[in-house]
Amino acid sequence: MTEVTAPRSDTRIQELLPNIHYQVAMPQPETHLFEVTLRLVNYTSPVLDLKLPVWTPGSYLVREYAKNLQDFAAFANGQPLRWWKKGKNHWQVDKTNVSDLTVRYRIFANELSVRTNHLDITHGYFNGAALFFRLPGWEKQPIRVTIVPPYPQWQVTSPLPPDAEASNTFYAADFDTLVDSPFEIGSHQVYQFTALEKPHELAIWGQGNIEPERAIADIQKIIQVEADIFGGLPYQRYVFLLHLFHQAYGGLEHKNSCSLIYQRFGFRAQDKYERFMQLVAHEFFHLWNVKRIRPKALEVFDYDQENYTPSLWFCEGTTSHYDLLIPLWAGIYDSKSYLNHLSKEITRFLTTPGRKVQPLSESSFDAWIKLYRPDANSGNSQISYYLKGAMVSLLLDLLIRAKHRNQRSLDDVMRQMWQQFGKAEIGFTPEQLQTVIESIAGIDLGDFFKRYLDSTDELPFNEYLEPFGLQLAAEQEEEPYLGIKVNTENGKEIIKFVEAGSPAQQAGIDPGDELLAINGIKVTANNLSDRLKDFQAQDTIQVAVFHQDLLRSVTVTLAQPRPIRYQVISIHNPNPVQQENLAGWLGVRV
């Protein structure tokens, strides 16, 4: 059926437009089922079209939210209406001669992540894309949402403004806003604070060792630093939703909020606390970069399919570049800690074989089929646009700073992108992005983009670090190179990754094989490194594995040791210009 186009609005016509009201109840949270009721008034078309999004902005994977929908039904005047499905996420209802109707359905919600829905006896959390139907043609209509908690002590937290006339009812200006506004319902703790004279909330679900006062003080510093970059805050109120869970990590950005999930006891150790602050800095930075400064392909969301762009390296990678710097500039850690964090990211990049296979722009374009769907060969065939995007952003930042003696930087690129595209939410093209960066750098960057975005040329870190008195030092592996990664799973030593071209691959060892022994002696994930240190490069060893339940012994010729770690360190006797450049970049001398 052809999608309806909403008429131009004036006061008289507005009265005739559909009134859209959702109710979300959870009377039996132990069943993990949200009970959703959609009430429509003044919907005059003979057929009602309803489409559930297949993905949510900020997470570039078709997640097929419709798989969790059940018990669909439609009614008018107490009588059931005929309905049918037109596609995997598309329902239609026959409503001839009916303008007011009710649709009911249930959503199974037992996946705790920032991108999905979760309901149990402790709380309810949902994202709009995974719960609410889109009415094609009426996306600009305002929507009200009423929450019906199962217990009177449960409270509701959302970035949406409340409806003053109804309890637990919230107002979304349009469907995009509804999708962009997660809900937390339960007995979570809410901490209110101000930053730059604007109200903020930190809502925490789950138990752990977070110290809210300390975290809020540091979050306020992050808000200040990022607001200084862009010249203020583009919202009236902001909500941080934090879920504490076992061994969890992730975030999803929204215009006026973000959802964070972090390991419940990950706040006492300093390195883990710093990682959490990097997560906060990353998601908060997104309220500018991605939510408002976004590629042309994401200017208007298509919720029914993939939205392709080669520019996610800037959306996510540049944001990742800043999430290490912002806690430094906020005084949460010092320059030594920053360089240690940077060194770990460079190590991850240089120890990922896929960087030699997949260009950065292709990594962005193929996010929908690769990054969020890793397999045993992913490390060999692809590179994360988060990771390499951060590395390329680092080089661009250093290039601009070195050329202009820190009078210009990537900050100026972000400000220009904000002024030119973000404030008006006009999507940018890859060509426009390059033009802005070149205008700040003051040079043609065609060769840079060709080599480091569109090809797999190695990134020349030392060339860009040298003007700042820094260099990259490699730490050599002690044992000869075998080329496998092993995890212990259910008492078995399972080979999870085999590097392309490695001695292990050349001998026929595969991911999924169970590692048993080297030269007839049992080996485990914990002692594999020590065992290999007993050999030299070019030695041959017998590796025993179970391959698809068959015992196999293969001969492997070990290769030369490989670098396992990289560290950004100072060069010997940096000159005054290098010292000045470094101080201007990191804020202090190291």
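Let me begin with a pair of helices, H4 and H5, whose crossing is right-handed. What I am describing is a predicted model, so please hear each value as computed from that model. Helix H4, residues 270-285, packs with helix H5, residues 312-329, at an angle of about 130°, and their axes lie 8 Å apart. That angle makes H4 oblique to H5.

Staying with H4, its 16 residues should span 22 Å at 1.5 Å a residue, and this agrees with the end C-alpha atoms, which are 22 Å apart. How many of the residues of H4 are buried? The count is 12 of 16, so that the helix is mostly covered, and among those buried residues are aromatic names such as Tyr273, Phe276, Phe284 and Phe285, together with Glu274, Gln278, His282 and Glu283.

Let me turn to helix H6, which runs over residues 335-350 and also comes with a span to check: its 16 residues reach 22 Å from the first C-alpha to the last, close to the 22 Å expected at 1.5 Å a residue. At the start of H6, a side-chain oxygen of aspartate 334 comes to within 3.3 Å of the backbone nitrogen of lysine 336. The buried residues in H6 include Ser335, Ser337, Tyr338 and Leu339 towards one end of the numbering, and Ile346, Thr347, Phe349 and Leu350 towards the other.

Those of you who work with cysteines may want to know how many disulfides there are in this model. The count comes to zero, and the distances explain why: the sulfur of cysteine 258 has its closest cysteine sulfur in cysteine 315, 17 Å away, which is too far for a bond, given that a disulfide needs the two sulfur atoms within 2.5 Å. Seen from the other side, cysteine 315 likewise finds its closest cysteine sulfur in cysteine 258, at 17 Å. Are these two cysteines buried or exposed? Cysteine 258 counts as buried at 0% relative accessibility, and cysteine 315 is buried too, with a relative accessible area of 0%.

In strand E19, residues 257-263, we also find glutamine 263, which counts as buried because its relative accessibility is 12%, under the 20% cut-off. Glutamine 263 and glycine 250 are separated by 13 residues in sequence, while their C-alpha atoms are 9.8 Å apart in space.

Further along, serine 393 sits in helix H9, residues 385-403, and is buried, with a relative accessible area of 1%. What does the side chain of serine 393 reach? It reaches the backbone oxygen of glycine 389, at 2.8 Å.

I will finish with two residues whose backbone deserves a look on the screen. Asparagine 406, which is not a glycine, nevertheless has a positive phi of about 70°, and its place is in the loop between H9 and helix H10, the latter covering 410-422. Aspartate 549, again a residue other than glycine, has a positive phi near 70°, and it is found in the loop between strand E25, 540-547, and strand E26, 550-557. Which of the two terms, buried or exposed, applies to each of them? Asparagine 406 counts as buried at 18% relative accessibility, whereas aspartate 549 is exposed, with a relative accessible area of 74%.

Note on methods
Residues numbered from 1 in each chain as written. Predicted model: local features only at pLDDT ≥ 70, side-chain atom pairs only at ≥ 80, totals over all residues. Heavy atoms only, no water. Helix = DSSP H or I, 4+ residues; strand = E, 2+ residues; numbered from the N terminus. Expected span 1.5 Å × (residues − 1). Buried < 20%, exposed > 50% of the residue type's maximum accessible area, 1.4 Å probe, protein only. Polar contact = N/O pair within 3.5 Å; in protein donor to acceptor, adjacent residues only side chain to side chain. Axes fitted to C-alpha atoms, helices over the stretch in contact; angles between N-to-C directions. Parallel < 35°, antiparallel > 145°, perpendicular 65-115°, else oblique. Left-handed = near helix turned anticlockwise from the far one by under 90°.
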